[in-house]
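Here are my notes on the model you sent over. I went through the cysteines, then the aromatic rings, then one bit of the surface.

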Amino acid sequence: MSFVRPNIDALAGYAPGEQPQGGKFIKLNTNENPYPASPAVTTAIEAALRNGLQRYPDPMATAFRLRAAQLFAPDVPGITPDWILCGNGSDDLLTILTRTFIGEGELLRLPYPSYILYRTLAEIQGARAEEVRFNADWSLSDDFSATAAGLKLAFLPNPNSPSGTYIAPERVLEIAERLPCPLVVDEAYVDFAATNCLNLVGRSEKIIITRTLSKSYALAGLRFGFAIAQPQLIREMIKVKDSYNVDALSIAGATGAIDDQAWLRENRRKVLATRDKLTAGMTALGFNAVPSQANFVWCPHPKLPVKPLYEQLKASGVLVRYMNYPGWSDGLRISVGTEDQNEACLGLLRGMV
Ligand SMILES: *Cc1c(COP(=O)(O)O)cnc(C)c1O
C-alpha cells in the first residue's frame with residue numbers, strides 16, 4: 001500500500017550522472033567544465049559573505065538580470081530585466097516551466113534521444129510526454145511541430161544531449177511558429193556552439209530560452225540558471241517559482257561570472273580546441289563520433305559493445321557516461337576535459353578496442 005500519488009509511485013526517478021565524492025576519478029561523465037571559474041566569481045561571493053547572510057536574498061535576483069539584459073541587448077532589442085527569470089540551476093526553470101504550462105493529463109513534447117529529465121518532469125506533473133525521434137542525421141522532422149490534443153509545451157535542447165548536434169535558429173523559429181504551444185529552447189551548452197537562438201525571443205512570443213552557468217561558466221556547484229522570454233510569459237512563471245529560489249551567494253557569484261566575458265571567450269577557445277582532438281581521437285579508434293557543438297562528444301560504435309568499455313574505463317579511474325537509448329543506439333558520451341584528461345581516456349581506450 002502506498003500513500004503517494006500513483007504517478008509518483010510509478011516513477012523510476014531521474015538518475016543523474018555519478019558524482020563520486022573525492023578526487024579519485026578523472027571525471028568526464030557530466031559535462032562539467034574542467035577549469036576553475038573566473039576569479040571574479042570568488043571576489044563577488046566573498047563580498048556578499050562579508051555583507052552577511054541574515055537577510056533573505058533579492059527574490060528576483062535583479063543585480064544579475066540588469067547585467068544580463070545589458071549583455072543580451074545587441075541580440076534582443078528592447079530587452080529589460082522583465083524578460084529574465086533566474087533559477088536554482090536551469091533544472092529549476094525546467095520545473096517552473098512544466099508547472100506553469102502543463103496540467104494533469106496534458107501533453108509535453110520532446111525529441112528522442114535527448115535530455116531524460118524532461119520526461120521525468122512531465123510524469124511528476126501527472127502529464128504525458130510524447131517523444132518525436134530525431135532523423136538519422138539528428139535533424140527534426142515536422143512531426144515535432146505537429147498539433148496534438150492537449151499539447152501545452154515542447155522542450156528542445158539545442159545543442160542536444162547526448163548528440164551535441166545543433167538545429168539552426170531559422171528552423172527553430174519555423175518549428176515554434178507551427179507549434180500550438182510555447183517552445184523551450186534549452187541552451188545549456190550554447191556557449192560552445194557557433195550560434196544561438198537568443199534573438200528569436202524578440203521575434204516570437206512562443207520561444208523561451210533557458211541557460212545555465214553550470215557548463216560554460218564552470219559553476220555547476222553554484223546552481224544558477226536563467227530563462228529569457230517575453231515579459232508576459234515571465235510574469236506567469238514568477239507566480240510559480242519559490243519565493244527565494246536563488247540564494248544571495250549564487251546571485252553574487254553569477255553576476256561576477258557574466259561580467260567577465262573575457263574569461264568565457266578564453267575558456268571556450270580551450271574547450272573547443274580539446275573537443276576537436278577528442279573527436280578526432282575517437283574517430284581514429286573506430287567510433288562514429290558525432291561532430292559536436294557542445295562540450296562533450298557522443299560516441300556510438302558501429303560494431304563493438306561499448307558498455308564493457310565504460311566499465312573498464314571506470315575500473316581504471318576514468319568516468320564517462322554510458323547511455324543506452326532503446327530503439328536508437330547506445331554509446332559513450334565523453335565530456336571535454338583538459339587535454340591531459342581526454343588524452344588519458346583515449347590512451348586507455350587504445351588498449352581496449
Ligand atoms: C546540464 C543540463 C541542464 C541543467 O543544468 P543546471 O545545472 O540545472 O543548470 C539543463 N539542460 C541540459 C540539456 C543539460 O545538459
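Is Cys-345 buried or exposed? Cys-345 is buried, at a relative accessible area of 0%. Keep in mind throughout that this is a predicted model.

1. **Cysteines.** If you were hoping for a disulfide, there are zero in this structure. A disulfide is a covalent bond between the sulfur atoms of two cysteines. For Cys-299, the closest cysteine sulfur belongs to Cys-345 and sits 8.5 Å away, which is too far for a bond, given that the cut-off is 2.5 Å. Looking from the other side, Cys-345 is in no disulfide either, and its nearest cysteine sulfur is that of Cys-299. Cys-299 is buried too, with a relative accessible area of 0%.

2. **Aromatic pairs.** The count comes to twelve aromatic pairs. A pair of aromatic rings is described by the distance of the centres and the angle of the planes. One of the twelve is Tyr-115 with Tyr-118, an edge-to-face pair with 5.2 Å centre to centre and 85 degrees between the planes. Tyr-118 is buried, at 0% relative accessible area.

3. **The tryptophan pair.** Trp-138 and Trp-328 make a tilted pair, 4.8 Å centre to centre with 55 degrees between the planes. This pair links distant parts of the chain, 190 residues apart. Trp-138 is in the loop between strand S4 (128–133) and strand S5 (151–157), while Trp-328 is in the loop between strand S10 (318–325) and strand S11 (329–335). As for exposure, Trp-138 is buried at 9% relative accessible area, whereas Trp-328 counts as partly exposed at 23%.

4. **A phenylalanine cluster.** Which residues do ring pairs link into a cluster? They are Phe-64, Phe-72, Phe-224 and Phe-226.

5. **Charges over rings.** Have a look at two basic side chains here. Lys-270 lies over the face of Tyr-35, at 4.1 Å from the ring centre. Arg-333 lies over the face of Phe-296, with 5.5 Å to the ring centre.

6. **A nonpolar patch.** On the surface, Phe-3, Val-4, Ile-8 and Ile-124 form a nonpolar patch, and together they have about 390 Å² of accessible area. Phe-3 is found in the segment before helix H1 (6–9). Why does Phe-3 count as exposed? Because its relative accessibility is 78%, and the cut-off for exposed is over 50%.

Key. Residues numbered from 1 in each chain as written. Predicted model: local features only at pLDDT ≥ 70, side-chain atom pairs only at ≥ 80, totals over all residues. Heavy atoms only, no water. Buried < 20%, exposed > 50% of the residue type's maximum accessible area, 1.4 Å probe, protein only. Phe/Tyr/Trp six-rings, centres within 6.5 Å; stacked < 30°, edge-to-face > 60°. Helix = DSSP H or I, 4+ residues; strand = E, 2+ residues; numbered from the N terminus. Lys NZ or Arg CZ within 6 Å of the ring centre and 35° of its normal. Patch = residues over 30% accessible without salt bridge, like charges linked within 9 Å, V, L, I, M, F, W, Y side chains within 5 Å. Areas by Shrake-Rupley, 256 points an atom, 1.4 Å probe, with all protein chains shown as cover. Salt bridge = Lys/Arg side-chain N within 4 Å of Asp/Glu carboxyl O.
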